[in-house]
Amino acid sequence: MRNTYQAPVLELDEPDPTTGELELEERHSLRRVAGLSTELTDITEVEYRQLRLERVVLVGVWTEGSVEDAENSLTELAALAETAGSQVLEGLIQRRSRPDTATFIGRGKVQELRDAVVATGADTVICDGELSPSQLRNLEQQTKVKVVDRTALILDIFAQHAKSKEGKAQVELAQLQYFLPRLRGWGESLSRQGGGAGGGSGGGGVGTRGPGETKLETDRRRINQRIAKLRREIKAMRTVRQTKRSRRQSSGVPSVAIAGYTNAGKSSILNRLTQAGVLVENALFATLDPTTRRTAAEDGRVYTLSDTVGFVRHLPHQIVEAFRSTLEEVSYSDLVVHVVDGSHPDPEGQVSAVREVLAEVNADTIPELLVINKMDAADEETILRLKRTWPDAVFVSARSGQGIPELHTAIAERLPKPAVELRVLLPYDRGDLVARIHRSGQVLQTRHLDDGTELRIRVDERLAGELESYRN
């Protein structure tokens, strides 16, 4: 009988998953369950509810621009709806000079929308715009299903993706500010909670006579109290953020902020430049919590790179206000790396939308480096057109790594140069000073002599004062 020997199989250790990969796995494991009906019924509680979007019909009003602009806007709305966990069944666009004040779309279009809802079995209608409370109520009454506007949809996505304590507080504040004027009640929720007949009638006894308070008023008061508390908490967090920012600024380390349209590839570029390992997903507003990492230029200068929340056309005012402390990180940076999706049908429109939000937070005066991403997915004609439009932009692909070395160089060239230039001779036992110069200054020339290292450098005024005794 022959003995057979099998060599042991060596299993190679797989690399540990990054934080971003773990977050992505968790997010996908918590996708919404399809098929839950959201048909409006006789609700007796005040409407303050989380959205549940499953099977949706989109509707938009085309008031200006070309038909391509209207179609691009509805396509973006479809991407937002899918990011929120819904299935888009159909999209309708109506050409009007302005939205209808009562129903957003015209009366004839409302009936066409109702027919589309019945034919497709949809349970939600999403409008490409912000609806007034009356428009929302009228559309729901006539379509018999839940109606959601663009602002509520974006707020819902933010609520799903916020992870940090500050992010969750900012999203809740934005949601409460949005829903407060839209509180509605049905049936018994509008009845008096307390009281009965005024005056001397018996009513409900001592303390309960008089007009009383409606359930609607009670909820509105509680929401106002919650808004006030959230504002205090965010203000305290803002103080902590300012303290950290001032500490970074006093250290003399330059700050670079990565900004851009949502899903343009900001997190992917941050990972490429710093190996940060943050979450990357082909979805709108995949990451909301800002991430800051340190990296170094080729000449050794250290600087920080911060990923920021993505922008979108008509970003809700509530979001800009609630996330102002986060967005202000951009206004305090030394350089804005503006990432653009080169494969998008309308990259110029994306750039305009981002610059509009940057102006709202007073960051439009910061030096800007345009980075056109996703070159591997763009066609040659588009690339040539964008190069003519933005000749100073850097063209990269975060997926393949194309253009990343050129981006490194471009960022280093645009970092602020220290103000003071001097020549110093440092003893060999002062390696700590050499390291500080490389970290926060710029080394122009190096010579190793018998009695130490001679450096021609550019540093800030604070470090120049410490090096005064070593001037050569």
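Over residues 1-13, pLDDT stays under 50, and the model has zero contacts for this stretch beyond four places in sequence. The model is a predicted one, and the chain averages a pLDDT of 78, with 77% of the residues scoring at least 70. Two helix pairs and one buried serine are described below, after the confidence figures.

**Confidence**

- A further stretch with pLDDT under 50 covers residues 27-51. For residues 27-51 the model has 67 contacts beyond four places in sequence, whereas residues 1-13 have zero.
- Where pLDDT is low, the predicted coordinates should not be read in detail.
- Helix α1, residues 19-29, has the lowest confidence in the chain, with a mean of 56.
- Confidence is highest in strand β10, which spans residues 394-395, at 95.

**Helices α5 and α6**

- Helix α5 (residues 150-161) packs with helix α6 (residues 165-179) at an angle of about 155 degrees, and their axes are 9 Å apart.
- Angles over 145 degrees count as roughly antiparallel, so α5 is roughly antiparallel to α6.
- The two helices, α5 and α6, make a left-handed crossing.
- On the α5 side the contact involves T151, A152, L155, D156, F158 and A159. These residues meet V171, A174, Q175 and Y178 of α6.
- By class, the contact of α5 with α6 comprises seven nonpolar residues, two polar and one charged.

**Helices α8 and α13**

- Helix α8 (residues 266-274) and helix α13 (residues 404-414) have axes 11 Å apart and pack at an angle of about 85 degrees.
- Because angles of 65 to 115 degrees count as roughly perpendicular, α8 and α13 are described as roughly perpendicular to each other.
- From α8, the residues making the contact are I269, R272 and L273. From α13, they are I404, L407, H408 and I411.
- Five nonpolar residues, one polar and one charged make up the contact of α8 with α13.

**Residue S331**

- S331 lies in helix α10, which runs over residues 324-331.
- The relative accessibility of S331 is 18%, so S331 counts as buried, the cut-off being under 20%.
- Apart from neighbours within four places in sequence, S331 is in contact with V361, N362, A363 and I366.

Conventions: Residues numbered from 1 in each chain as written. Predicted model: local features only at pLDDT ≥ 70, side-chain atom pairs only at ≥ 80, totals over all residues. Heavy atoms only, no water. pLDDT = per-residue confidence, 0-100. Helix = DSSP H or I, 4+ residues; strand = E, 2+ residues; numbered from the N terminus. Contact = heavy atoms within 4.5 Å. Axes fitted to C-alpha atoms, helices over the stretch in contact; angles between N-to-C directions. Parallel < 35°, antiparallel > 145°, perpendicular 65-115°, else oblique. Left-handed = near helix turned anticlockwise from the far one by under 90°. Nonpolar A, V, L, I, M, F, W, Y, C, P; charged D, E, K, R; others polar. Buried < 20%, exposed > 50% of the residue type's maximum accessible area, 1.4 Å probe, protein only.
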